[in-house]
Amino acid sequence: MKLNPKIEMKSLIAAILFAGCASHLHADDVFAPEIVLSSNAEHGGGQDWCMSRRQDVSTDGTAISTPAFSVAAWQPAMVPGTVLNSLVKNGVYPEPYFGLNNAYEQKLIPDLSETGPEFYTYWFRTEFTVPDSFKQKQVWLQFDGINYRAEIWLNGKHLGDMVGMFRRGIFDVTTVLNFGGANALAVLVHPVDKPGGFRQKDKTAPATGEKRNGGDGEIGRNTTMLMTVGWDFTFTDGIRDRNTGIWRDVKLFATGPVVLRNAFVQSKLPMPKLKPARESVSVDILNASSAPLTGKLTVRVREAGIKIEKQVALRANETKTVTLTPEEYKVLTVAEPRLWWPFNKGEQFLYHLSLAFGQEGNTSDRLETRFGIREITSDQNTPDKSREFFVNGRRFFLHGSNWIPEAMCRTSRERTEAELRYTRQSGVNFLRLWAGGVAESDDFFEQCDELGIPVWVEFWQTGDTLLPNDRKLYRANVADTILRLRNHASVAYYVSANERPSAPNTHVDPSLVVPMKDIVDKLDPTHGWQQSSEADGVHDGSPYVALNPMWYYEDTASVRGSRINGLCPEYGCPILPTVDCLREMMPEKDLWPVNKTVWDYLDGGGFHSMTENYDRCVQQYGPSTNIEEYTMKAQTFGGLAYRAIWECWNENKFDYGERFCTGSLFWYHNSPNRQVCGRMWDWSLEPTAALYFAQNALEPLHSQFDFLKNTVAVNNELPKEFSGRVTARVLNFDMTEVFQQTASVHILPEALATNVLAINFPTNVSPVHFIKLELADAKGRPVSQNFYWRSNKSYKPGRTWSGPQFEGFEDLAKLPKVKLASDVKWSHSNGENVCTVSVKNPSSSLAFMVWLRLQHAKDGKPVRPAFYDDNFFSLLPGESRTVRITFGDTAADSKQVRLLIDGWNEENEIFAAGMLGQ
């Protein structure tokens with residue numbers, strides 16, 4: 001159906017803001033206390049949710065949503081959660097993330113595409129009481145997300161329906177509630193309309209170097225999480241129920257008759273002075289009563305000294321958007337604004353906006369939110385027409401990554417905090433929300449605001465799937481998502497789709513994408529937008545699999561040709577998780593010898609080539625006799641590969657390198673499920689060596705070695721000049737020094753110095769040798785250090801499996817055992833438990849790949865999440881390192897932990913926590 005854009009846009013906004021009881025959108029902070037109706041099961045909430053398949057219930061919502069209804073035969077349910085998560089928790093089906101349990105061929109968990117929708121259509125039910133503080137107020141029931149269609153019932157009344165995974169629903173329940181007793185809430189949840197088959201049908205060949213994804217493409221006919229049908233970075237045969245359920249929070253809150261919604265602050269900064277800032281504030285004001293009302297809107301931004309009061313008159317049941325501009329209110333011109341910047345570029349200052357609506361001294365509603373004063377823009381005014389981003393007028397090189405959601409919506413605030421904390425530690429400075437996933441939570445964006453991580457928000461269309469059947473519904477989900485996210489300082493860019501067909505550096509054919517630019521222009525003109533992830537100055541991605549790291553330097557890693565140029569949306573490699581993680585994802589018998597069938601299934605159908613290419617790379621370190629030895633070698637290679645990728649992009653930053661680049665987005669950032677193709681941390685939140693090698697490559701001031709040219713470069717990510725010197729040393733296997741050279745270096749702000757010095761390897765260098773780079777400032781103070789291992793194998797150009805970073809490392813197995821001198825202290829700081837570890841290498845040999853492991857004392861299992869500020873490091877003779885490890889009380893009993901010092905050739909040593917916490 002062809003829509004008239006102006007008429008359709010007007011009705012779309014009306015449907016979201018103004019229409020019946022399921023349309024009003026609740027902000028996070030309100031006048032009356034908010035109650036989150038989360039389940040005790042899994043979440044520790046206050047509600048006993050239960051569920052039953054609709055086919056097993058003989059009555060309708062009228063009866064089910066009455067307090068007297070018996071649920072004796074129903075199962076416990078997880079809310080937020082999904083049908084399948086609850087069924088697994090209840091022991092009906094096995095854990096999908098273990099071994100081959102999820103494999104279609106095993107027939108252990110029925111698939112929605114074969115069972116029909118009724119099999120996964122479930123009633124969810126709970127009872128709650130209303131606090132006395134809600135009496136005499138307007139009370140609202142809000143659902144933050146249901147997948148896919150839902151009927152909402154309360155106390156025998158049908159409140160309304162919801163459809164679409166990413167659109168919130170809010171219901172006025174004031175007249176339906178029982179204030180003196182129990183209230184029964186029942187929600188009938190239907191799966192997606194088109195589950196799709198997870199086997200590919202009737203599609204063109206996939207892109208070179210990729211597998212076919214998205215099943216038969218039918219999943220795209222819904223507005224949902226497209227990856228649930230199967231993709232090569234998760235289960236290729238999908239999630240069996242397609243994540244049917246109440247997947248986000250259910251909330252109850254109270255206001256007066258007038259309600260505030262959708263506060264929005266728009267900033268205008270003059271370039272290049274960046275001051276004064278001109279702020280415009282808007283808010284939707286709803287009169288929920290049947291009588292006209294007049295009251296006072298009060299707007300405060302305390303950090304800027306802003307206070308505005310404005311009289312507002314509302315007709316009965318009217319919603320009015322009130323906008324305050326600096327032309328009308330001079331106080332909205334901020335003379336000396338404190339700007340929000342990405343980390344390493346400046347502070348992440350957040351202002352607090354407080355709005356209240358009152359009548360005759362009584363506050364009807366209050367809304368508080370945060371915002372940052374900043375401008376994020378992009379253009380294609382580059383030598384190759386590639387897209388380039390700017391923050392507050394300054395060029396911003398993207399050391400980005402592709403954020404993937406948890407495959408079965410098994411997420412939490414704590415999990416999000418841990419993953420973003422690791423992200424900031426790694427140095428990744430930009431995240432893309434890939435289109436086949438979800439619109440991330442408010443928690444996610446609040447933390448990105450605080451951490452200084454800009455986010456590319458992509459919506460739910462891909463080149464592997466068909467377009468939504470109901471485009472109006474899709475656009476309503478888009479609009480609600482923009483309203484929810486637009487005020488976050490971290491929101492940087494909107495993109496309609498992933499990899500919809502296009503030609504390089506051109507727009508996508510509008511007929512191939514559901515349009516949304518008009519929505520962006522109407523609801524959030526402060527952010528840029530483009531149609532597809534591989535258009536408008538963003539070229540296509542790859543590589544994705546394990547490869548010879550020499551190919552990154554040669555720029556031959558992608559079978560599609562050069563990729564280290566312009567802006568690349570997907571470029572990466574895997575790393576094998578640690579041995580503890582592997583033991584949690586498959587039976588011991590499948591670990592060693594490697595069971596290729598199981599490992600390939602847990603590798604997206606073998607897509608990342610973990611049992612082939614990755615194994616080939618690991619074998620260059622010599623044969624392994626057990627899984628512990630193999631995984632240690634796998635960490636060594638994987639860390640090296642991660643660092644190589646980031647350093648190659650460093651060396652081609654902007655116009656300072658041989659190839660003009662504006663950035664890269666690593667593919668992919670985080671593991672959606674347990675898998676052997678790990679990332680910087682495993683699904684279990686256990687870090688791999690990749691985290692610390694990426695952290696090294698992406699540190700603010702970094703010296704690095706080019707394995708093709710044998711030269712040293714220094715990268716500066718800071719907005720200030722740097723002067724100092726870099727020293728390069730080459731050491732033989734026996735630790736004798738065979739080369740040393742120091743060079744002065746001066747680097748402009750956010751620039752790169754290439755060819756600072758060249759390393760000439762002497763003829764007497766050992767078959768395996770080591771490079772140590774040390775960067776110091778002008779006063780000789782250490783700034784950073786870098787350590788490499790290198791073989792004397794030459795590289796034969798042209799994507800050959802050869803070279804000094806790939807082969808010839810068998811001799812590392814001959815490193816003598818080293819006993820480190822260690823000092824371990826336990827303490828508390830800022831609400832966290834702290835283990836401070838100081839280690840020194842007193843021997844005459846190299847201590848290679850030192851691995852610090854915080855464990856539960858009882859069983860030796862890893863403490864997760866635990867945050868090590870360094871790990872998997874190497875120490876030359878006489879060198880020392882101090883590492884700080886922090887963990888929360890929810891991760892472990894602080895008195896029942898221990899530290900294991902482990903590594904490639906280190907003698908194991910265990911330190912107990914002692915009296916920590918007393």
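The exercises below work through a predicted model of a protein.

Residues are numbered from 1 along each chain as its sequence is written, and side-chain values use heavy atoms, with hydrogens and water left out. Because the model is predicted, local features need pLDDT of at least 70 and side-chain atom pairs count only at pLDDT 80 or more, while totals for chains, interfaces and linings use all residues.

**Exercise 1. Overall build**

Task: State how many helices and strands the protein has, and judge its compactness from the radius of gyration.

Solution:
1. There are 15 helices and 43 strands. Helices (H or I, at least four residues) and strands (E, at least two) are DSSP runs, numbered from the N terminus.
2. The radius of gyration is 28 Å, close to the 29 Å that the globule rule gives for 918 residues, so the protein is as compact as a globular protein of that length. The radius is taken over C-alpha atoms, and the rule is 2.2 Å times the number of residues to the power 0.38.
3. Of the 918 residues, 63% are buried. Buried means under 20% relative accessible area, exposed over 50%, and partly exposed in between (1.4 Å probe, protein chains only).

**Exercise 2. A hairpin**

Task: Describe how strands E34 and E35 are joined.

Solution:
1. Strand E34 covers residues 768-777 and runs antiparallel to E35, with nine bridges between them. Two strands pair if DSSP finds at least two bridges between them.
2. Histidine 769 faces arginine 790 of E35 across the pair.
3. Four residues separate the two strands of this hairpin, and glycine 780 in the turn has a positive phi of about 85 degrees.
4. Strand E35 (residues 782-791) has seven of its ten residues buried.

**Exercise 3. Two asparagines**

Task: For asparagine 262 and asparagine 830, find the phi angle, then decide whether each is buried or exposed.

Solution:
1. Asparagine 262 has a positive phi near 55 degrees. This residue belongs to strand E11 (residues 258-268), and its relative accessible area of 9% makes it buried.
2. Asparagine 830 has a positive phi near 50 degrees. Its place is the loop between strand E36 (821-829) and strand E37 (832-840), and a relative accessible area of 77% makes it exposed.

**Exercise 4. Cis peptide bonds**

Task: Locate the prolines that follow cis peptide bonds at valine 79 and arginine 864.

Solution:
1. The bond from valine 79 to proline 80 has omega near 0 degrees. Proline 80 sits in the loop between strand E3 (75-76) and helix H3 (83-89).
2. The bond joining arginine 864 and proline 865 has omega of about -10 degrees. Proline 865 sits in the loop between strand E38 (847-856) and strand E39 (866-868).
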